[in-house]
Amino acid sequence: MKTLVIAEKPSVARDIVAALPGTFDEHKNFYESDDYVVTFAVGHLLELSDPEDYDPAWKSWKLENLPIIPDEFKVRPRDKKSATQLNLIHKLLKRKDVDRVINACDAGREGELIFTHIYETAGVDKPVERLWINSMTRQAIRDGFDGLRPADQVEPLRDAARSRSEADWLVGMNATRAATVRRGWGAGVVSLGRVQTPTLAMIVRRERQIQAFVPEPYWLVHATFDPRYEGLWFEGDETRLKDGERADEIVAKVKDKTGRVESVERKEQSERAPLLYDLTSLQRDANRRFGFSARRTLSAAQSLYEGKKAITYPRTNSRFLSGDLVPQLKPTAKTLTPIQEYAKGARFVLELEQLPLGRVVNDAKVDDHHAIIPTDISHDLSGFSPDERRIFDLVARRFLAVFHPPARYARTTIVTEVENERFRTRGKVTLEAGWRGVYGLEADSNGTQKQDEDAEGEGELPALEQGQEVRCVEAESEAKETKPPPRYTEATLLSGMETAGKLVDDEELREAMKERGLGTPATRAEIIETLIRREYIERAGKDLQPTPKGLGVVTMLEEHPITSAELTGDWEKQLSDIEHGNGDRSVFMDGIAGFAKATVEEIANLDDEKIKVERAELGLCPRCGAETGEIIKENARAYGCTSWKSREEPGCGFVIWKRVAGRTLTPEIARQLLEERRTREVLSGFRSRAGKPFRARLVLNDEDKIEFEFPVSRKRQAEQEGEEEQTAPAPAAAE
């Protein structure tokens, strides 16, 4: 008799075949030996059925058909290719010489759902065991087969997987249909979801804060002293002056005057290495450092795991290691010694008599998968793609850094008093690089203290003593304005999703909030891509900003709980409880069904004003407005003159199209073009066909067209100082 092994992907099936004993014959989409048959899914072969598969009447999108809550959920093949592979697996499951089945899909919630749907639709009753591995090396696979888990041990995970899938269907299907019907088909499908909608709401609310922000002027006063150092005026905890005249008075008062060093305070501080990576923290760092999208990081990490066998399972929520991994830690460090950039850090780890494991090993914080670390096999970096190389570098350095001592600094704060005005200077010297040495930082060998590179100046700090006289040789005021909160980047959005919208910078506190985050590490990248694909948000350089379509959706549902990050975070906590055997699936699903019903009722009863598509009015038409009073008004695709009535009556024909070079011109940018005839700044995130950013300029000639002006280099700007910026005709892609 034979054992059937079902993997999640063809590449994993090949790795399993390579690790198992015996000779395998290759057949179409499966492998067979004397003891094993190994086949594979291609991700999800089955999906939850559409409403019309339950009742043909439900094909019509009508409010009276809602909510749709099936008594029992059905599944169907995703497409013809999936159906073909599903039929093959079903035949293998029904073979009389197969008496045992091993679920070798990815060791997580989605892997469990993939297998469960395949197995249940086959209609067989054969014993099932679970392969659970964190690494795709041959030894790890063999160890996994030696320690197979009984199927009932992962039953809670299966329940959580089902609950997540069915909850998303219930909320998404009912809310999307209700909102689309209520708003009217003219506005298109209003796609809503259990996780995507609160994520969109976070981005929209931040955008509103930015749009509503009114900058306030303030002034800073900088002073330069002899011996040479700089200081920033302060009073109490405040360094900003709201009165420009007061700032000028301070400048005149202290310039060329003698003062004294009021105090010199020196403190030593230490900084511990950051925790090991889970997927979300890896995606955050890759976005900050390389500008990678969350999906791009996951793709590279998955390839390093499956294809290169270079890192452990990436779709993990843990930043700790389990105790059984301790014997592998030094061998893992040893694999990094032949690689020049890691050799010094790896040798340090190998020379430690005892590894510092207090912040690294914590069995209570490792559920199914531990933190992402390199594998304990040799690594051939020459075969890595540029993306894989960067992601591996992050993982390898973080792994070595966590075993290094803290970095130690000496921070000095100097307060200088001149004419009863006080100035603060801060400096820092690295005493021991500690873990930062893994990243190339060295201790300051000469002990020279550097001023912090902030508003308080930069440069070396002289040796000063309390009471020492100094002279203020220069003073100046700097006019500034307060800035609005920044737009979300993928890094900051991932942080926000992890903490259900709460601003949490502290690493340890963020760890404690993980169970109540939006989505899971494995799904967050896809949620962001879904919002982009549905044109609710778009990338503007590194920033993510909502489109008018996304703004309209959140405006429509403003107070509804479906936009609440905290509510969705509570649902994720319940799913986590189910996954770990502490929650009740039926109670959770009853709650979701009740929520879907309440959502339909609330959307059906929305005030008409709430569901209206907001259209911006931008001012008089630049072509005919002076004579006719016609204005420029937003519509679904453009900002056009209201003189347009139909194709037969096009009016003056003035229009600014919303989509330019793959991005959306917001009403604010269109208004700038109309009022100032150009955008104030380079359009963030816009690129010409040649890949260059540009400004837009509205040229009111006979054609009333938009031209694009490409920024020249700083060097070229210096050469043509005082001249007009050169312009270039718009490439076809930008037009």
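This passage describes the nonpolar cores, an open sheet and one helix with its surroundings in a predicted model.

Nonpolar side chains tend to be buried together in soluble globular proteins. In this model, the largest nonpolar core holds 66 residues. Ile 16, Val 38 and Phe 392 have the most contacts inside it. Helix 12 (residues 386-401) supplies the largest share of this core, eight residues. Another core, of 53 residues, lies apart from it. Met 173, Ala 201, Leu 575 and Met 589 are among its members. Phe 392 has many partners beyond its neighbours within four places in sequence: Leu 304, Ala 310, Ile 311, Leu 336, Tyr 342, Pro 374, His 379, Leu 381 and Phe 384 are in contact with Phe 392.

An open sheet is built from seven strands. Their order is 2-3-4-1-7-8-9, and the pairing is mixed. Strand 2 (25-27) and strand 9 (149-150) form the edges, each pairing on one side only. Strand 9 pairs with strand 8 (residues 128-130) in the antiparallel sense, over two bridges. Arg 130 has Arg 149, in strand 9, as its bridge partner. Helix 3 (residues 109-122) lies across strand 1 (2-7), strand 7 (98-104) and strand 8. Helix 3 runs at about 170° to strand 8.

Helix 15 spans residues 521-533. Its buried residues are Pro 521, Arg 524, Ala 525, Ile 527, Ile 528, Glu 529, Thr 530 and Leu 531. Their cover includes helix 6 (196-212), helix 8 (279-290), helix 9 (294-306) and helix 13 (490-498). Strand 18 (537-540) and strand 19 (543-546) also contribute to this cover. Just after helix 15, Glu 535 adopts a positive phi of about 60°.

Conventions:
Residues are numbered from 1 along each chain as its sequence is written. This is a predicted model: local features need pLDDT of at least 70, side-chain atom pairs count only at pLDDT 80 or more; totals for chains, interfaces and linings use all residues. Side-chain values use heavy atoms; hydrogens and water are left out. A nonpolar core is a set of buried Ala, Val, Leu, Ile, Met, Phe, Trp, Tyr and Cys residues joined through side-chain atoms within 4.5 Å. Buried means under 20% relative accessible area, exposed over 50%, partly exposed in between (1.4 Å probe, protein chains only). Helices (H or I, at least four residues) and strands (E, at least two) are DSSP runs, numbered from the N terminus. Contact means heavy atoms within 4.5 Å. Two strands pair if DSSP finds at least two bridges between them. Axes are lines fitted to C-alpha atoms, for helices over the stretch in contact, and angles run from 0 to 180 degrees between N-to-C directions.
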